[in-house]
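Reader: I've got the sequence and the model open side by side. Can we walk through them with a few quick questions?

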Amino acid sequence: MLRIILSRLFQTVIVVFLLVTFTFFAVRAIPGNPFAAEKATSPEEQAALEAYYGLDKPLPIQYLNYWKNISKGDFGDSLAMKGRKVSTLISEAFPVSLKLGLLSLLLGMIIGMPLGIIAALFHNRWQDYSAMVIAMAGICIVAFVLGPIFQLSIAKPLSLLNVAGWQRSSDILLPSITLCFGVAAYLARLTRGGMLDVLSQDYIRTARAKGVPTLQIISRHALRPALMPAVTFLGPAFAAIITGSFVVETIFLVPGMGQHFVLGITSKDYNLVLGLVLFYGILMGIANLLSDIALIFMDPKLRNS
Amino acid sequence: MLRTTFYLILASFLLVSCETRSDVEIANEENILIVGNSNEPKGLDPHLVSGVLESNIIRALFEGLCVEDPAKDSSSLPGVAMRWESSEDFTQWTFFLNPKAKWSDGVPVTAHDFVFSYRRLLSPDPNWPAKYTEMLYFLENGEAYHRNRVGEILCKNKPDFPLAWDLLKGANFNGDKKLKLESFAEQEFTKMEEKDLAKFKAYLSEGGALDFKKLTADPVDPSQLSDAEKRVFFNSIGLDKLEKEHLIFLKKQPEMIEWTEAVPPEVRQEVLDLLIAHHEAGKPNLWDQARVGVTAADDFTLKLKLRGPVPFLTEITKHYTWYPVPRHVILAHGEINTAFSSPWTRPGNIVSNGPFQLKTWRTNHLIEVEKNPHYWDRETVSLSGIRYLPIKNSYTETRMFGDDQLHITYTVPSELIPMAREKYPGQLRQENYVGVRFLRVNTRSTPFDHPQVRRAFALAIDQKAICEKILQGGQKPASGIVPPFGDYQPPELIHFDPARAKTLLAESGYESTSSFPDIELLTTNSDSGLREAEALQAMWQEHLGIKVRITQREWTTYLQKQAEKDYDLCVGGWIGDYLDPTTFLEMWVNDGGNNNTGWSSEEFEALLSKAENTADVPTRMEILSQAERRLLDDTPVLPIYWYTTNYLIRPEVKNWTPLLLNNHPFKFVKIEKP
Amino acid sequence: MASSVNPASSPSSESPPVEKGSSLWTDAFFRLKKNKLAMLGGIIVILILILCFIVAPILALTGLNANAQDLSNRFAPIGEGQGGLGTDQLGRDLLMRVLEGGQISLLVAILATLMTVTLGIIYGGIAGYVGGRIGNAMMRIVDGLLAMPFLIIVILFREIISGHVDELARFFIDVWGWSSDSVLRFANLIPLTIAIAGFGWLSMGRIVRSAAASLSQQEFVEAARSLGLSHQRILFRHILPNMLGPVIIYATLTIPSFILYEATLSFIGLGIEPPNSSWGKLIQEGANFMETNLTVLAIPAVLFSLTLFAFNFLGDGLRDALDPRASKD
């Protein structure tokens, strides 16, 4: 197990390194000026700002400096929101995204996995079809339609829920419901596939032939292996949902990381984008590691090896 | 595990259900105003921001000499200044400050704070990224200090200097802007184009060639240059920016830079000596010599001296660039001109002198201000706080208003205006706003180097249809670039006339539309901008038969393309900073940072500076209207409509009456409990 | 019970010995037919393709124009307007806009998927077949790129390519005398397509690689190798054909996700160039009118969701049918 963890860590380091390198050069290759504002920036001012943020140096030097600063734990200053540290911005937004991400993942599991199991048990029958139609709704209706629909049809008539915002503890519900459908759709699909796979295994057939009740077969024997593909998916899905929920965040006014991602890119906030990408890469490594460990615990074969 | 989750979710619902009152109901009880503010502010330093949404917060935190009247335009109430007086020609003003005015940490606000603030905003350091310095150019010598015009500062203000500045100022202090030597670095003199060559003509009286390699070397050694090259070199840089070695060299051959006839040789030497002495002293800051027109006569008397008559000065002092900033706090966190690295505006550090002080600032989440206990007029302040929400999505904002989460919205998207009118009668406000929507034209691109083509495009815009059919917010077709307000009645210059547009196009020499070059209309990636662009596209297609391509770009790319003149037509807008036509006209001067059209006219600029020196209001307005006419005769900018503000406001919010600049003073706003 | 013969896995004991190649596909089709939802999806996909690529051009010939504005006839209700589905916020015919929007959305998605598949097969195939250190390194590069925010890649590609596309478009207009309208209409979706494909091929590369890696371990490839066949022959005759299954499944599922990408880009304001439209853009604009006029949202949204459902179910059905592991039941 230690070997798996170590090799996963090693892979993460390499991937994060490559990721930051690609992003570093790509984001600087996008046209646009991080210092452009409503009022024009004079050439002298532009030069002074570039010097202040170290953008006047040749790219390779900038690149080395970036790693040098990172090794000191300095993510740099945001270029768009001047005077604010990238690390502050991330530490403000991450807890928000974490909460939102965990709840939507949880809801996605609650909705997606049972639907997938039902669909597999009733393969190619109406139950299968309706379960999958429900599951797919999340990825077939775009979030920027789903969000407003929820705002108008649930939040407005219900005095308990706000349309948008991040003030009350209940404000997390609508955005996470909107987000969870996407997760649910994939989970349902993967669970269904995994379940179908397991149900066709000989040991399940034997159990069935022996007359073990279906429910028992599922809960005792089939569920664990059937959920494995879904668990593999959970790791990356968690990282993605934490950083990639721009649409939901803007619609529901959630101060999370997704907004920083998109606005950082469109406003050419190099430091912010790089900081986020670095953070995301590490997060993804951890998430993958966790789902690896979960897999080890679920699969006796892996556990013993 | 499933069971625990279920209980968790159930519990969270139960927790929620305790609170059935809406946000607004709770806020009403707490006496807090909740305002939609469209986006996360770029910062809170009054000297460094330039946007409307930042000004909404800064207006609550800080206070200038005068305060906006809550119900009347062009009227000023006492702010930090209790009263003020001006000389008859409006060039000298005295403001008597209220001794009770305090910073939110209890330190009194003094005239020295104002002097410090204006000195800070005018800092000549290239690292000082203030966007709105021009607002202080009204002060005498303000521009010279900010632009670090060393020669002017030293010679004009030296008591025993032998020659009056008016006679001396013809000398080349600032450098010849046409001669950007770096841009010729790779060129060979013999192969230069005629129009480039013309720029150098004046300095090549005896003929001779130029070696651009030598002229752009680093450093340039004047002794290696021919006389013609020396003239080009010195004149391209100007006395103010020359290095010490070059000035010393010039002492031997002062004729190598332009002086006027009026400057006798001994004065030339004296000027050079003054400049060299300045270099030898290590180029000290020149604030003391610059005599910028702001002085503190005593702790509570501020004297301002202006570059010309400004009858509307109190209007300008309401702009946030004229607010004081806390000297003691800024200097505790950095130098006078430490910009972004100074943490003085962060929560916990910031100290302000307005009716409110900063309580919370969470990025993309919330800014909350609370009543300032040290504010001099705290009895008048009714609100105990304001919450600003950075709601980027205006549809969400309107929906939040409908769900009783906001008192005031930042805007109402035009799609929802009909709904708002019906559902929230009396709560939808549509008010005049001093702002104009227009298209910039790149006058250096074909076919827009033809004024007729530009005019044809302007006249083919059905402004009324855009206002009434698409925007529906009460916007008015713009007949000019300055919206009508106060004493200024804009001349009728542009109106929809497709027949005339067609004739103009024919006159321009482009016979058929097929011979027309590709035209690109640059716009941002906002929805409303896109709809307008699509309508314009269809109008030009219909009335001129010309197809225009729409290019949408993200905000910063859009700004950069505009600044680099990498566009043909470009959607833009301008909101007035104060109630005077100059706020709309001054941007079109040559090299103005927001001109971006490649257009300039000396006649236009002469009219503006004539207006600057005219104290009589009707005459001044007449001159400005001539200037506007001159601008639109050439049409480097196509006006579309004059803005209105569209927003929703709850009935319990009182003392929020229409104001042209939409700068509502929060100190007077009240929430009336139902 | 359907029999399965997959060269990738050792033939299961119960399946009768059948010929290779053809039976995989006939079998698959047989299984697909059993899945009614997938069949329905397939039919809907075909219908929508006909509607967008055959009916719409015919309607255009009869004079319907998706971009003709009539500001005095905005928001005409269903039943009015030339196309019968009413008009939008600028008085444009909604039917034509939805159909032409569909053309763009589908074209972008299908073209991007084709590019994705080609690139993914080449890259992933090589990485998988070569294996070892190089293969691993190739995959780490993919992982690194995959973790990049796709917006960066999209904006980057769009900026780099749009200039060249303009030149290309001008060439067609000037030299071949094509109508500038139609050339530009399709020229301006190229940057977007390439941008989406530039991101999308990464996942494809990964899938192909793992398939190729497991295939190259298989006995029949070992056998081919021991027979001394050339690398090329093994790659093209044995490995690539056997990867077709996963590739087709993935491609079918990629199309709807690309349609969604395009829509998300429209939400951010980086979608197709106006006045042309795509479903994503129509829905995004329509969503702004949710409170005031539902038809401008509902019509594109219904068609869009239907298409996504159809592609997804078809893809899932194909997976069930082609992936024999899941179909021994």
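Reader: How many ångströms apart are the C-alpha centres of domain 1 and domain 2 of chain A?
Author: Keep in mind that this is a predicted model. Chain A splits into domain 1 at 2–71 and domain 2 at 90–304. Take the C-alpha centre of each, and the distance between them comes to 31 Å.

Reader: And which helix gives the most to the side of domain 1 of chain A that touches domain 2 of chain A?
Author: The contact draws 17 residues from domain 1 of chain A and 15 residues from domain 2 of chain A. On the domain 1 side there are eleven nonpolar, four polar and two charged residues. Twelve residues of that side come from one helix of chain A, spanning residues 2–29, and it's the top contributor: α1.

Reader: Moving between chains, how many residues does chain A put into its contact with chain B?
Author: On the chain B side, α1 (2–17), α17 (394–402) and α23 (555–563) are the elements that give two or more residues. That side of chain B divides into 15 nonpolar, 22 polar and ten charged residues. Chain B brings 47 residues to the contact, and chain A brings 47.

Reader: What gives the most to the side of chain B that touches chain C?
Author: This contact takes 20 residues from chain B and 15 residues from chain C. Four elements of chain B each supply at least two residues of that side: α18 (417–423), α20 (463–471), α22 (527–543) and β14 (548–553). By class, the chain B side has eleven nonpolar, four polar and five charged residues. The top giver, with eight residues, is α22(B).

Reader: β14 of chain B came up there. Which residue in β14(B) is the bridge partner of B:Thr523?
Author: β13(B) and β14(B) pair in the parallel sense, with six bridges between them. Strand β13 of chain B covers residues 519–524, and five of its six residues are buried, so the rest of the structure largely encloses it. Across from B:Thr523, the partner in β14(B) is B:Gln552.

Reader: Is C:Gly120 buried or exposed?
Author: C:Gly120 sits in helix α3 (residues 94–130) of chain C. Beyond its neighbours within four places in sequence, C:Gly120 is in contact with C:Trp201, C:Met204, C:Gly205 and C:Val208. The cut-off for burial is 20 or more other C-beta atoms within 10 Å. C:Gly120 has 27 of them within that distance, so the call is buried.

Reader: What distance separates the C-alpha atoms of C:Gly120 and C:Arg206?
Author: Along the chain, C:Gly120 and C:Arg206 are 86 residues apart. In space, their C-alpha atoms are separated by 7.6 Å.

Reader: Back to chain B: which strands are the edge strands of the open sheet β4-β5-β7-β6?
Author: Four strands make up this sheet of chain B, in that order and with antiparallel pairing. From one strand to the next, the twist averages 20 degrees. An edge strand pairs on one side only, and in chain B that describes β4 (81–86) and β6 (294–298).

Reader: Inside that sheet, which residue of β7(B) stands opposite B:Trp93?
Author: Strands β5 (residues 92–97) and β7 (residues 301–305) of chain B run antiparallel, joined by five bridges. Following the pairing across to β7(B), the residue opposite B:Trp93 is B:Leu304.

Reader: What angle does the direction of helix α4 of chain B make with that of β6(B)?
Author: Helix α4 (residues 111–121) of chain B packs on the sheet, touching β5, β6 and β7 of chain B. Its direction and that of β6(B) make an angle of about 165 degrees.

Reader: Which strands do the buried residues of α3(B) pack against?
Author: Helix α3 (residues 52–61) of chain B is mostly covered, with eight of its ten residues buried. Among them are B:Ile57, B:Ile58 and B:Leu61, along with B:Glu54 and B:Arg59. Their packing partners in chain B are β8 (356–362), β9 (366–371) and β10 (385–389).

Reader: Zooming out, what is the radius of gyration of chain B?
Author: Chain B has 26 helices and 18 strands, and its C-alpha trace spans about 90 × 70 × 65 Å along its principal axes. Of its 674 residues, 48% count as buried. A compact globule with 674 residues would be near 26 Å, so chain B agrees with that, at 28 Å.

Note on methods. Residues are numbered from 1 along each chain as its sequence is written. Chains are lettered from A and ligands numbered from 1 in the order in which they are written. This is a predicted model: local features need pLDDT of at least 70, side-chain atom pairs count only at pLDDT 80 or more; totals for chains, interfaces and linings use all residues. Two residues are in contact if their C-beta atoms, placed from the backbone, lie within 7 Å. Ala, Val, Leu, Ile, Met, Phe, Trp, Tyr, Cys and Pro count as nonpolar, Asp, Glu, Lys and Arg as charged, and the others, Gly among them, as polar. A residue is buried if 20 or more other C-beta atoms lie within 10 Å of its own, exposed if 12 or fewer, and partly exposed in between; C-beta atoms are placed from the backbone. Domain bounds come from an automatic or database domain assignment. Two strands pair if DSSP finds at least two bridges between them. Axes are lines fitted to C-alpha atoms, for helices over the stretch in contact, and angles run from 0 to 180 degrees between N-to-C directions. The radius of gyration is taken over C-alpha atoms; the globule rule is 2.2 Å times the number of residues to the power 0.38.
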